[in-house]
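Student: Got a minute to go through this model with me? I'd like to talk helices.
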Amino acid sequence: MNLAKPYLLVVGVLTILFGVIYLFVPATMTDPAGFGPLRGSALTDIRATYGGFQIGMGTFLVWAAGAEDRMRAGLVLIALSFGSLFLSRSLGVLMDGELSAFHMQGLAVESTITAITLYLIRKS
């Protein structure tokens, strides 16, 4: 799993970074998505759900990169999480009838990460 370790570290650190952005400056991420102005309660939910979840996931991925016997679990987490994001976003676009540049970028990133991860799982 020679490629798995740096891959897990990169995805883990980037996931933590996005989580920190959602936690401390959520409008940076929610405005481009079209959320509009958010009140305190909604901001708290964004900070917890998007920020906290991504920080936790990223931390797990960095931890998984630390030992050969944990790397597969990290790769499976990435494949399931990003694959689910891709499928849910695709379904949302179909249900809601709006494909924005923001969502096209999300679909591109999510499908690419899922494909690379499935390749690494298969290779291992």
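Tutor: Sure. Start with a definition: the expected span of a helix is 1.5 Å times one less than its number of residues. Helices here are DSSP runs (H or I, at least four residues; strands are E, at least two), numbered from the N terminus.

Student: Any ground rules?
Tutor: The model is predicted, so local features need pLDDT of at least 70 and side-chain atom pairs count only at pLDDT 80 or more, while totals for chains, interfaces and linings use all residues. Residues are numbered from 1 along each chain as its sequence is written, and side-chain values use heavy atoms, leaving out hydrogens and water.

Student: OK, what span should helix 4 have?
Tutor: Helix 4 covers residues 68-96, 29 residues, so 42 Å is expected at 1.5 Å a residue. Its end C-alpha atoms are 42 Å apart, which agrees.

Student: What follows helix 4?
Tutor: Gly 97, with a positive phi near 70°.

Student: Which residues in helix 4 are buried?
Tutor: Among them are Met 71, Leu 75, Ile 78, Phe 82 and Val 93. Buried means under 20% relative accessible area, exposed over 50%, partly exposed in between (1.4 Å probe, protein chains only).

Student: And what covers them?
Tutor: The cover includes helix 1 (4-24), helix 3 and helix 5 (101-123).

Student: How do helix 1 and helix 4 pack?
Tutor: At an angle of about 50°, with axes 10 Å apart. That makes helix 1 oblique to helix 4. Angles under 35 degrees count as roughly parallel, over 145 as roughly antiparallel, 65 to 115 as roughly perpendicular, the rest as oblique. Axes are lines fitted to C-alpha atoms, for helices over the stretch in contact, and angles run from 0 to 180 degrees between N-to-C directions.

Student: Which residues meet there?
Tutor: From helix 1, Ala 4, Lys 5, Tyr 7, Leu 8, Val 11 and Thr 15 meet Met 71, Gly 74, Leu 75, Ile 78 and Phe 82 of helix 4. Contact means heavy atoms within 4.5 Å.

Student: Now helix 1 against helix 3: what angle?
Tutor: About 160°, with the axes 7 Å apart. The two helices are therefore roughly antiparallel.

Student: Switching topic: is Gly 34 buried or exposed?
Tutor: Exposed, at 57% relative accessible area. Gly 34 sits in the loop between helix 2 (27-33) and helix 3 (40-64).

Student: How far is Gly 34 from Ser 100?
Tutor: They are 66 residues apart in sequence and 9.5 Å apart in space, C-alpha to C-alpha.
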